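Let's take a friendly walk through this chain. We'll begin with a couple of odd spots in its loops and then step back to look at the bigger picture.

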Amino acid sequence: MSHYPARAVVDLDAIRSNVRALAAHAPTAAVMAVVKADGYGHGLLPTARAAVDGGATWLGAAQADEALALRAGGLGVRVLTWLYSTGVPMESLLTADVDVSVAAPWALDRVAAAARATGRTARVHLKVDTGLGRNGLTPADLPDVLHAALRAQAEGALQVTGVWSHFAFADEPDHPTVHRQAEVFDAAVRLVEGAGATLEVRHLANSAATLTNPSVHHDLVRPGLAVYGLSPVPSLGGPAAYGLTPAMTLESQLATVKTVPAGHGVSYAHAYVTPTETVLGVVPIGYADGVPRHASGSLPDHPGGPVQVGGRRAAVAGRVCMDQFVLDLGPGAADAAGDRVELFGTGAHGGPTAEDWARAAGTISYEIVTRVGARIPREYVGAGAGDPGHGGAVVDADGADGAAGADGEAAPAGSVAGASSSGAEGRRS
Ligand SMILES: Cc1ncc(COP(=O)(O)O)c(C=O)c1O
């Protein structure tokens, strides 16, 4: 059992229900839950299992090691991996029946060689750069790679299973690049099918496009952020507007509470100076735990990241440090060491959200959740949280450590992430 003074409580029911909501938004497509970056910080295997329970028939992992970890963890649905360099363990991927993306001519050669070496038929998704200007074959490179792929297919080394791409402005569904990328994608699909490939899937839509742009759902949608209940289009609506529930609650406790006079400098460089006599509270997690230093607070213009403590909001005062930050709890505050501090969660009862932290730090909610540090224990609630090998400690419905935390030490009151709705908002990765 962990003695760390913080935890990230992950609600597996919320993940299941978010995948069901995404599937309802894309009724003609299958769902690939994107679980890269340790399930966006929520934990790879528990997240993947919950997503599959919720109806995902595919899992997406950027890195080869993540894809192999999914197989080692017993996930049997289709898995696609897409970001690798020349050291990729391609033979292991093919042996593990992982679908692989091909985004460069060398990658096709590498896949074909691994297929010949292992005797496996590789399942290949041709990644086309339709305008993002990132990973993918340019439309100019596509014909040569396609014809090489079809030659390898004829010899039994691989099967061209999918064509796929990724948007630059998915969170602005009417942006001209969205229409343009969709046209380039359609042309690429026509080219591949016209050359004789029988595609199993065409896929283009991330969370934002899944929720806002049915015309690009094709056979498979590829949501990530929305699986975790955060809105990818905060300007258009928060999670509740899309039937989503934020799955992670990040909480800590007050470590020290003390009264200081007006004019007292707080934390490094005294970026915050107390305007009156007030009560300061130290929270024992910092930027090494993923609390963004850019969410430091200074008066009068830059309120720090928000927390909920004692049923009310407080904000980071002064610089976020490596292992701690300070709150100005206000004059006469009665908070005490050990009191629960919620950094973000569902947004219920006026609590702050990951999107609130993103705004305070000038970033996106993707970065807030994926950066929650490895040393913060993940604890799981919801059906399946106690299953063997789910990958983390368990919290029961009363907020006490359950099956995996056998001695049942009481958790701070109200610490369990519920499946309630949120007014939070989320954005583009
Ligand atoms: C290629 C690809 N597809 C899908 C996703 C999921 O995106 P989102 O989290 O915006 O749904 C990502 C994440 O960045 C990605 O890189």
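## Unusual spots in the loops

Is Ala 269 buried or exposed? Ala 269 counts as exposed because it has 11 C-beta neighbours inside 10 Å, and the cut-off for exposed is 12 or fewer. Bear in mind that this is a predicted model. You'll find Ala 269 in the loop between strand S12 (265-266) and strand S13 (272-273). Its backbone stands out too: phi of Ala 269 is near 65 degrees, a positive value in a residue other than glycine.

His 349 tells a similar kind of story. It isn't a glycine, yet it has a positive phi of about 55 degrees. His 349 sits in the loop between strand S18 (340-344) and helix H10 (354-361). With 12 other C-beta atoms within 10 Å, His 349 is exposed.

Now for a peptide bond to look up: the one from Leu 299 to Pro 300 is cis, with omega near 0 degrees. Pro 300 belongs to the loop between S14 and strand S15 (306-309).

## The whole chain

How many helices and strands does the chain have? There are 11 helices and 20 strands. The radius of gyration is 23 Å, close to the 22 Å that the globule rule gives for 429 residues, so the chain is as compact as a globular protein of that length.

If you drew a box around the C-alpha atoms along the principal axes, it would be roughly 80 × 50 × 40 Å. Of the 429 residues, 55% count as buried.

## A closed barrel

Look for the place where 8 strands close into a barrel, in the order S2-S3-S4-S5-S6-S7-S8-S9, with parallel pairing. Helix H7 (residues 142-154) packs on this sheet and touches strand S5 (99-102), strand S6 (122-127) and strand S7 (158-164). The direction of H7 makes about 145 degrees with that of S7.

Zoom in on one pair in the barrel: strand S8 (residues 201-205) and strand S9 (residues 220-221) are joined in the parallel sense over 2 bridges. There, Ala 205 has Val 221 in S9 as its bridge partner.

## An open sheet and another pair

There is also an open sheet of 3 strands, ordered S11-S14-S17, and its pairing is antiparallel. Which strands are at the edges? They are strand S11 (256-260) and strand S17 (325-330), each pairing on one side only. On average, neighbouring strands here are turned by 30 degrees against each other, direction ignored. Strand S14 (residues 278-283) and S17 are joined by 5 bridges, and the partner of Val 279 in S17 is Gly 330.

Elsewhere, strand S1 (residues 6-11) runs parallel to S19, with 4 bridges between them. Asp 11 stands opposite Val 381 in S19. Both faces of strand S19 (residues 378-381) are covered: Arg 378 and Tyr 380 are buried on one side, and Glu 379 and Val 381 are buried on the other.

## Two domains and where they touch

The domain assignment splits out domain 1 (13-229) and domain 2 (248-394). Their centres, taken over C-alpha atoms, are 36 Å apart.

Where they meet, 14 residues of domain 1 are in contact with 15 residues of domain 2. On the domain 1 side, helix H2 (36-40) and helix H3 (44-53) are the elements that give two or more residues. H3 gives the most, with 5 residues. This side of domain 1 divides into 7 nonpolar, 4 polar and 3 charged residues.

Definitions and conventions. Residues are numbered from 1 along each chain as its sequence is written. This is a predicted model: local features need pLDDT of at least 70, side-chain atom pairs count only at pLDDT 80 or more; totals for chains, interfaces and linings use all residues. Two strands pair if DSSP finds at least two bridges between them. Two residues are in contact if their C-beta atoms, placed from the backbone, lie within 7 Å. Axes are lines fitted to C-alpha atoms, for helices over the stretch in contact, and angles run from 0 to 180 degrees between N-to-C directions. A residue is buried if 20 or more other C-beta atoms lie within 10 Å of its own, exposed if 12 or fewer, and partly exposed in between; C-beta atoms are placed from the backbone. Domain bounds come from an automatic or database domain assignment. Ala, Val, Leu, Ile, Met, Phe, Trp, Tyr, Cys and Pro count as nonpolar, Asp, Glu, Lys and Arg as charged, and the others, Gly among them, as polar. The radius of gyration is taken over C-alpha atoms; the globule rule is 2.2 Å times the number of residues to the power 0.38.
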